[in-house]
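Hello,

Here is the structure I promised to pass on. My notes on one helix contact and the aromatic residues follow below it.

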Amino acid sequence: MTLPWTNKRLWRTLLCIYLAAVLFLCFGKFEPTDDIPSSFLGIPMDKIAHFLMFAPWVALWLLACFYKAEINATGHLKGIFIALACGIAFAALTELGQGLSGYRSMEAADLLSDSLGMIAGAIASVSFLIIQHKKKTRQ
């Protein structure tokens, strides 16, 4: 039986869809709306959106490119760090692109929110790998 997280074709397809969605959200020209509250628990909704948008980054890259069932959890740390570093670079480039676009703004706080989302995703990915490793060693 093929486990869903070992199906690289599935994860690579999802990764491409995800990247297209992130680029659309980063560079789309959207009209302001009053339907969305400006903050939640004192945190600007824009920053929450950035956090959530980049939270899946590390997990998707890990599953699409780096995950191998026969490698233990610590062996995947290199892939997680590569995905995290590339993700932060990508987020920085999108912020730069937004600043150069003329219709979006470049904000360091957005990059920080993106990075924190990716770090949270990396922590979730490490947790997943540890659980998988423990399940494998019990068998």
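This is a predicted model. Start with helix α3 (residues 57-66) and helix α5 (residues 108-138): their axes come within 7 Å and cross at roughly 45°. That crossing makes α3 oblique to α5.

Which residues make the contact? From α3 they are W57, V58, A59 and L62. From α5 they are M118, G121, A122, S125 and L129. By class, the contact of α3 with α5 has seven nonpolar residues and two polar ones. No charged residue takes part.

W57 also belongs to the aromatic part of the story. The model has six aromatic pairs. One of them joins F54 and W57, with 6.1 Å centre to centre and 35° between the planes. That pair is tilted, because 35° falls between the limits of 30 degrees for stacked and 60 for edge-to-face. F54 is buried, at a relative accessible area of 0%. W57 is at 2% relative accessibility, so this residue counts as buried too.

W57 pairs with W61 as well. Here the rings are 5.7 Å apart centre to centre, with 40° between the planes, and the pair is again tilted. The two residues sit four apart in helix α3, which means about one helical turn separates them. Is W61 buried or partly exposed? W61 has 24% relative accessibility and so counts as partly exposed.

Finally, the cluster: Y18, F54, W57, W61 and F90 form one aromatic cluster. W57 is thus a member of that cluster and of the α3 contact with α5.

Best wishes

Methods
Residues numbered from 1 in each chain as written. Predicted model: local features only at pLDDT ≥ 70, side-chain atom pairs only at ≥ 80, totals over all residues. Heavy atoms only, no water. Axes fitted to C-alpha atoms, helices over the stretch in contact; angles between N-to-C directions. Parallel < 35°, antiparallel > 145°, perpendicular 65-115°, else oblique. Contact = heavy atoms within 4.5 Å. Nonpolar A, V, L, I, M, F, W, Y, C, P; charged D, E, K, R; others polar. Phe/Tyr/Trp six-rings, centres within 6.5 Å; stacked < 30°, edge-to-face > 60°. Buried < 20%, exposed > 50% of the residue type's maximum accessible area, 1.4 Å probe, protein only.
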